[in-house]
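Trainee: Got a minute? I'd like a quick tour of a structure that is new to me.
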Amino acid sequence: IDNRAKEILKIIVDNYLDKGEPVGSKTISSFMSYGLSPASIRNVMNSLEKLGYLISPHKSAGRIPSDAGLRLFVDGLLEIGSLNNNDKMQLDKIYNNQEGSFYDEALKSLSGLSGCASLIAVPKTKVAFKHVELISMAKNKALLVIVTEDGNVENRLVDIPCGVTPSSLKEASNYLNERLNNKTINEVKDDIIKELNEHKSDLNELSEKIVNAGLGSFVDNDNKGYLILKGQANLLEDLSLIEDVEKIKNLFSMLEVKENISNLIDLTNSANGVQIFIGSETNLFASSGCSLVSAPYLNSKGKIVGAIGVIGPTRVNYARIIPVVNYTAYVISKIIGN
């Protein structure tokens, strides 16, 4: 398409992403960099519609971009904004304040800044554990520090029974280290639970809680790693403009099937940088009007080990979300690398 058509498409997309409404020739005319009659604008709009880049949702003269139009916009017309200082400071807190799982902190920050649901694919956990430490925190809370043989460190807050002393936490740490050292959680979890149930030791309640709550998420039964999804409530708010409620129901049903998103994550893992999946480009979002913006994160050796991203309506603010997702992936890479 020529430059005039590109400018008109960009104006339509910009206005649609901002207001979520069809854009007419009068609105387009007010944003044009040079004078063009409404009739000429409508002719260009008709041509863009025939090419599949625009859709007429109603009988009115207004148009909205199709998934193909959004793809063209994202790939060639989008002016990506830079990360503002407030967003950067918020995301840097993930690195500076790792009291719990940094994955959880990353998802919480990303969901809040984007106004979308956030998700992260955590790498496979075939690596063996090197050390486990329990540290007393607030009442009925302990910080579980897990160090794997490849140097990764995972911190998370776990609930503990009332009245547990620091010495009991030390005993529990020693107990777990004896059994976890140089083994994967898959190799020893069932054995630990079986042993605890058989001996009914004083450490039973505490150790079983730690194994189930703290280490349980490391279990990799399908050998594909695991997926964390948060901020689903944002989808209901963001998708309020979609007339067909069934689309929202279908999306939530699809999100329950991890394999669907895992397939997208695999695509993300195959390329560096931010990846964008729009609407009907994927089976997952074909009937829901949603998009996924994701980016891979790396380990200390520069190898892609997982991906983080957001799910939202196709009319998300791509210019803002892309740098936020990209920087979040950078922060996670920095944490894992260190």
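Mentor: We'll go through strands, a helix and some rings. Keep in mind that this is a predicted model.

Trainee: Okay, strands. Is strand 10 mostly covered or mostly open?
Mentor: Mostly covered. Strand 10 spans residues 304-313, and 8 of its 10 residues are buried.

Trainee: Which way do strand 3 and strand 10 run?
Mentor: Antiparallel, with 5 bridges joining them. Strand 3 covers residues 117-122. Look for Leu119, which stands opposite Gly309 of strand 10.

Trainee: And how many bridges pair strand 9 with strand 10?
Mentor: There are 9, again in the antiparallel sense. Strand 9 is residues 290-298. One partnership to find is Leu292 with Ile311 in strand 10.

Trainee: How many residues sit between the strands in that hairpin of strand 9 and strand 10?
Mentor: It has 5. Gly302 in this hairpin takes a positive phi, near 80°.

Trainee: Switching to helices. How far does helix 7 reach?
Mentor: 21 Å from its first C-alpha to its last, over 15 residues, 166-180. That is close to the 21 Å expected at 1.5 Å a residue.

Trainee: Which residues of helix 7 are buried?
Mentor: Leu169, Ala172, Ser173, Tyr175, Leu176, Asn177 and Leu180.

Trainee: What follows helix 7?
Mentor: Asn182 follows, with a positive phi near 65°.

Trainee: New topic: rings. How many aromatic pairs are there?
Mentor: A search of the whole structure gives 3. Take Phe102 and Tyr103: their ring centres are 4.4 Å apart and their planes are at 40°, so the pair is tilted.

Trainee: Why does Phe102 count as buried?
Mentor: Because its relative accessibility is 3%, and buried means under 20%. Tyr103 counts as buried too, at 7%.

Trainee: Which residues make up the cluster linked by ring pairs?
Mentor: Phe102, Tyr103 and Tyr297.

Trainee: What about Tyr327 and Tyr330?
Mentor: They form a tilted pair, 5.4 Å centre to centre, with 40° between the planes. Both lie in helix 13, residues 318-337. They are 3 residues apart, about one turn of the helix.

Trainee: Is Tyr327 buried or exposed?
Mentor: Tyr327 counts as buried at 16% relative accessibility. Tyr330 is at 46%, so Tyr330 counts as partly exposed.

Trainee: Last one. Where does Lys334 lie?
Mentor: Over the face of Tyr95, at 4.5 Å from the ring centre.

Technical notes
Residues numbered from 1 in each chain as written. Predicted model: local features only at pLDDT ≥ 70, side-chain atom pairs only at ≥ 80, totals over all residues. Heavy atoms only, no water. Buried < 20%, exposed > 50% of the residue type's maximum accessible area, 1.4 Å probe, protein only. Helix = DSSP H or I, 4+ residues; strand = E, 2+ residues; numbered from the N terminus. Pairing = 2+ DSSP bridges. Expected span 1.5 Å × (residues − 1). Phe/Tyr/Trp six-rings, centres within 6.5 Å; stacked < 30°, edge-to-face > 60°. Lys NZ or Arg CZ within 6 Å of the ring centre and 35° of its normal.
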